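Welcome! Let us take a walk through this structure together, one part at a time.

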Amino acid sequence: MDPIRNPYAPGAGQRPPELAGRDEQLRAFEVVLERVVKGRPERSLVLTGLRGVGKTVLLNALRSAAVRRRWGTGKLEARPDLGLRRPLSSALHQAVRELGHPEPDSVDHVLGVIKSFAHRDAGVGAKLKDQWSPGIDVPAVRGRADSGDIEIDLVELFTDLGGLAADVGKGIAIFIDEMQDLGPDDVSALCAACHEISQSGLPVIVVGAGLPHLPAVLSASKSYSERLFRYQRIDRLAREAADLALAAPAAEEEAAFTDEALAAMYTATGGYPYFIQAYGKAVWDRAPRSPISLEDVTVATPEAEAELAVGFFGSRYERATPGEREYLRAMADVAAAREISAPDDQSTPELVETHGVATAEVAAALDKKPQSLSPARDALLKKGLIYSGERGRIAFTVPHFGRYLREHA
């Protein structure tokens, strides 16, 4: 097969040629956009799921839907070492520009409030050279969104943004990727601002994406966050959608898969979108002709797995210290042991790993006290390699990571 015409796109956040299995989320978001503009009560949206399920791709697709309706949009990626003010200010600057408000004075006022919000990051009395600016040429508006209390400031900022959008019958949508990495104060402020905006009916929404424990992070900050957001779990694709993700791009290039090949691909990828693209690319390059056969999949599978072992799994494993790697391997072993003791379709190691194992079981596997393993566990949580969806349980953030550890580590 011609590698130049290879349609598959394995990349972080890169939109696949066929966005299969996400029609329900896209249709629901169209309803949200319409309701918000009409002043109907609507909640902000939070997407959760493991790495590799396509959260970032879906987040970008939702943003494109808002852009098509001529909303103002901005996107940022949260980082544990960076506060919310700077990236949010840049995102909102872009959103205001996209909004296309016809009155310069109104626009300049809101831009001045954004600038004031951003400057407060440097602290009171900071010199001009130490003040970060989001590239806004208007003066900062004093006394608005600059109190230093991020919760008060964000409520004021969102209120002004909502008023600007309401003037032109549009809305503003802020898209936040890796939302679980926001600091506690920023999470609390964001929840408070969304709560205030929802009560006032202003057309501003937040669309966040993050790991499965993101709802717990939000709930720990504000108890009402469970009612504040609409939560959507983004999971692996069902068989029909996974087949479409492979077959539709191939058909565009006048190629096809046999039924046996599609079945083998689903077994290999588990229906995870990133793996579908990675295996699809490898199989296309190795197949001599169309239709792509079961033998082609069998031949290309080791190549796809080798690439994933280096770029997808290996890069994460290398970030762990020796002690942390020992903890990860013990998690994988516990998952495998549970599958052996209960060998049914619901207890495969992959499913056990993504749903979690008990920290006490991991400690027992290592013959150590759970308290002595707390530093390794906490470090892995901060590095985003594992997550805790409930007390006393941990799981990998990356699907098939346990299998990689058992085979390569």
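How many of the residues of strand β3 (residues 172-177) are buried? Six of its six residues are buried, so to say that β3 is mostly covered is fair. Here buried means under 20% relative accessible area, exposed means over 50%, and partly exposed lies in between, with a 1.4 Å probe and protein chains only. Helices (H or I, at least four residues) and strands (E, at least two) are DSSP runs, numbered from the N terminus.

Before going on, a word on the model itself. This is a predicted model, in which local features need pLDDT of at least 70 and side-chain atom pairs count only at pLDDT 80 or more, while totals for chains, interfaces and linings use all residues. Residues are numbered from 1 along each chain as its sequence is written, and side-chain values use heavy atoms, with hydrogens and water left out.

Let us stay with β3 for a moment. In a regular strand the side chains alternate between the two faces of the sheet. In β3, Ile172, Ile174 and Ile176 point one way, while Ala173, Phe175 and Asp177 point the other way, and all are buried.

Now look at the neighbours of β3. Strands of a sheet pair through backbone hydrogen bonds, either parallel or antiparallel. Two strands are taken to pair if DSSP finds at least two bridges between them. Strand β2 (residues 72-77) runs parallel to β3, joined to it by six bridges, and Lys75 stands opposite Phe175 in β3. Strand β4 (residues 204-210) is also parallel to β3, with five bridges between them. Here Ala173 stands opposite Ile205 in β4, and Ile172 stands opposite Val204 in β4.

Stepping back, these strands belong to an open sheet of five strands with parallel pairing, in the order β2-β3-β4-β1-β5. Because β2 and β5 (229-233) stand at the edges with a single partner strand each, one side of each is left without a neighbour in the sheet. Neighbouring strands of this sheet are turned by 15° against each other on average, direction ignored.

Gly72 is a good place to pause in strand β2. With a relative accessible area of 0%, Gly72 is buried. Its contacts (heavy atoms within 4.5 Å) include Ala95, Glu98, Leu99, Gly171, Ile172 and Ala173, not counting residues up to four places away in sequence. Gly72 and Val204 are 132 residues apart in sequence, yet 9.5 Å apart in space, C-alpha to C-alpha.

Which helices meet the sheet? Helix α2 (residues 55-68) lies across β1, β2, β3 and β4, running at about 160° to β2. Such angles run from 0 to 180 degrees between N-to-C directions, and axes are lines fitted to C-alpha atoms, for helices over the stretch in contact.

Helix α2 also has helix α1 (residues 23-37) for company: their axes come within 10 Å and cross at roughly 40°. On the α1 side, Gln25, Leu26, Phe29, Glu30 and Leu33 take part, meeting Leu58, Ala61, Leu62, Ala65, Ala66 and Arg68 in α2. The residues of this contact divide into eight nonpolar, one polar and two charged. In this count Ala, Val, Leu, Ile, Met, Phe, Trp, Tyr, Cys and Pro are nonpolar, Asp, Glu, Lys and Arg are charged, and the others, Gly among them, are polar. Glu34 is also in helix α1, and it counts as partly exposed at 32% relative accessibility.

Further along the chain, helix α12 (residues 294-317) bends by about 40° at Ala309. The bend at a residue is the angle between axes fitted to the seven residues ending there and the seven starting there. Among the buried residues of α12 are Val297, Leu308, Ala309, Phe312 and Tyr317.

Finally, some backbone details. Most residues other than glycine have a negative phi, and most peptide bonds are trans. Arg70, in the loop between α2 and β2, has a positive phi of about 65° although it is not a glycine, and Arg70 is exposed, with a relative accessible area of 61%. Ala145, in the loop between α4 (104-119) and α5 (150-167), has a positive phi near 60°, but Ala145 is buried at 0% relative accessibility. A cis peptide bond, with omega about 0°, joins Ser290 and Pro291, and Pro291 is found in the loop between α11 (273-286) and α12.
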